[in-house]
Amino acid sequence: MESTLLQSETEIEMLMEAVNYTWILVATFLIFFMHAGFAMLEAGQVRSKNVANQLTKNLLTWSVGVTVFFLIGSTIEGFVAGNGIAFQFNAEAVSWMDWLYGAVFAMTAATIVSGAVAGRAKLRAYVTYTFLLAAVIYPVVTGMTWAGGHIEAITGTPFSDFAGGMIVHGMGGIAGLTAAWILGPRMDRYNDDGSANVIPGHSLTFAVLGTLILAFGWYGFNVGTSAIFTDGSFDGAVLGRVALTTTLSMACGAMGAGLIALFKTGKVDTLYVANGLLAGLVGITAIPDASSWLGALLVGTLAGAQLPIVFGLTERMGIDDVCAVFPVHGSAGVLGTLLFPVVATDGALEAIGATRAEAAVAQVTGVVAITVWTVVATGIIWFIFKLAGQARVTPEHERDGLDVSEHGVDTYPEFGQPDVATDGGERFGESRSSSELRSDGGRTTDDKIIRTDGGERLDESRSSSELRSDGGKPNDGDLKMITAVIRPDKLGDVKKGLAEIGAPSLTVTNVSGRGSQPAKKGQWRGEEYTVDLHQKVKVECVVADIPAQDVVEAIGEAANTGEPGDGKIFVMPVEDAYQVRTGKTGQDAV
């Protein structure tokens, strides 16, 4: 009797197709998650005043780009490939899985550009460019390579780009460099003599986190490109090779960049190591299925090592590539693609029926074609934006930051820790009754608040200059301004200390300055800079019925760490005060 375990050939084919499509979708979701990595990496490399703008660009890159690629881009790709005009929205539903897989690659190319133009590009210009990249620029590249094979028609040898080392990353990096060149550098990036100033990003932590997220998603990018079953059999050899070469090149990219940074500056620069790891991944992405393990070590090391060198060259050319997208994606993608005939195994060359020289011609032709098309198309678009005055924000908006000017938000609006009321108690939610017990042991009523300084604050109709419970008038009846410059991390303690003595109000400002605290040396991508203006917080407090000395002591105790840089406190007389709401003056206004 025939075993029930034996399946028909049709059922086996259906099972393999189901496994392959499941694999494709898992890889697709991993590649989509790379957008979280791009968002963190770019947010960490820009200044704090531009973080929300960078995050918004990443969100809109996906949202606008994927919609446009569905409605227009995929059709343009098919037309350039020679398959005629076929709109994706009329296709069979099962083919939409293949479309989505292609779409996440397209959006990866699109989002790379945002890092190059960070800090000065108008949002509308960037979104418009994303629209055009997803609709035309990227589809033309894939139409003449993956979908159409036009390079092979010209050279007689296939153009080898397994997962988009040149088609996706190289193209994105070159587009970013072109846009950054036309847009011009950020304010203060260069001096009048052409020398460059270092503008550090606001969070190295975000940058490294984004790097590791991207590296995780890259396994979907490279390994996911390999189908589980090929021609009816399990394709484990390709999967294993791609997984190994991707990992080795990634690791060597980080080490290669770190070694060059060490050679140049005497220090292993953290951001170069992170960017080098990505450059190693980009370098191998075109050839992970064809490279030997030794070749992967070579590609990764060279891709990482070229990063500091190429970034320095672009800087000397006056191009402000904020997130180093060209050396990470552009030049690394070109390098890895051109190294195919050098590191490819004999079996990989036999599979395409070419000698190493023939493969070299095909690779060079493909790289040149993609580069020329990308530079021309991107250059025309951004040049038109620039002529129309729509490419760049105004100097005032750039100085204030794109978060406020483009989005009306502040990414870091609250720099104090506890939510402490300045009337002597902790402020709870509005649902708490004003007569409930306060954290300082007093109780609020509709008529008065029992103060922690031994006096009573009466209702607002009573004059603040009336006799206190201790029998005298604080500050000899005068108004006093207490100004304290303290460490930012001590603000929460200072607020709490002022609340405990019943200080009536305070104003807090972010400032920078220098005093007894020594200057520090910093590094950003291997460039050393001096920090002699330290970030501080200025707290200003005007008092009438609270002794100024009590305020000084409260601030001094709360802000003290015993180290240089704790700050200073100043006490100054105030001639008069005016309360805008009531028109009261003098002590009554305070």
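**A tour from a helix pair to an open sheet**

Begin by selecting helix α2 (residues 51-81) together with helix α3 (residues 96-116), which in this predicted model pack at an angle of about 140°, with their axes 9 Å apart. Since angles over 145 degrees would count as roughly antiparallel, α2 and α3 are therefore oblique to each other. If you turn the view to follow how the two helices pass, you will find that α2 passes α3 in a right-handed crossing.

Next, show the side chains where these helices meet. On the α2 side, select Gln54, Lys57, Asn58, Thr61, Trp62, Gly65, Val66, Phe69, Phe70 and Ser74, and on the α3 side select the residues that they meet, among them Trp96, Trp99, Met107 and Ser114. Coloured by character, the residues of this contact of α2 with α3 divide into eleven nonpolar, nine polar and one charged.

Now move along the chain to the sheet, where four strands form an open arrangement in the order β6-β9-β5-β10, with antiparallel pairing. Select β6 (507-513) and β10 (567-574) to see the edge strands, each of which pairs on one side only. Neighbouring strands in this sheet are turned by 20° against each other on average, direction being ignored.

Within the sheet, keep strand β5 (residues 479-486) and β10 in view, because they run antiparallel and are joined by eight bridges. To look at one residue pair, pick Ala484, whose bridge partner in β10 is Ile569.

Two helices can then be added to the picture. Helix α17 (residues 491-500) lies across β5, β6 and β9 (534-543), and runs at about 10° to β9, whereas helix α18 (residues 548-559) lies across β5, β9 and β10, and runs at about 10° to β5.

For a closer stop, select Met481, which has its place in strand β5. Which residues does Met481 touch, not counting residues up to four places away in sequence? They are Glu540, Cys541, Val542, Phe570, Val571, Met572 and Val574. Val574 deserves a separate distance label, as it stands 93 residues from Met481 in sequence and 6.2 Å from it in space, C-alpha to C-alpha.

Finally, zoom out to the whole protein chain, which has 18 helices and ten strands. Of its 590 residues, 47% count as buried, and among contacts between residues at least 6 apart in sequence, 77% join residues at least 24 apart.

Technical notes. Residues are numbered from 1 along each chain as its sequence is written. This is a predicted model: local features need pLDDT of at least 70, side-chain atom pairs count only at pLDDT 80 or more; totals for chains, interfaces and linings use all residues. Side-chain values use heavy atoms; hydrogens and water are left out. Axes are lines fitted to C-alpha atoms, for helices over the stretch in contact, and angles run from 0 to 180 degrees between N-to-C directions. Angles under 35 degrees count as roughly parallel, over 145 as roughly antiparallel, 65 to 115 as roughly perpendicular and the rest as oblique. A crossing is left-handed if the near helix is turned anticlockwise from the far one by less than a right angle, and right-handed if clockwise. Contact means heavy atoms within 4.5 Å. Ala, Val, Leu, Ile, Met, Phe, Trp, Tyr, Cys and Pro count as nonpolar, Asp, Glu, Lys and Arg as charged, and the others, Gly among them, as polar. Two strands pair if DSSP finds at least two bridges between them. Buried means under 20% relative accessible area, exposed over 50%, partly exposed in between (1.4 Å probe, protein chains only).
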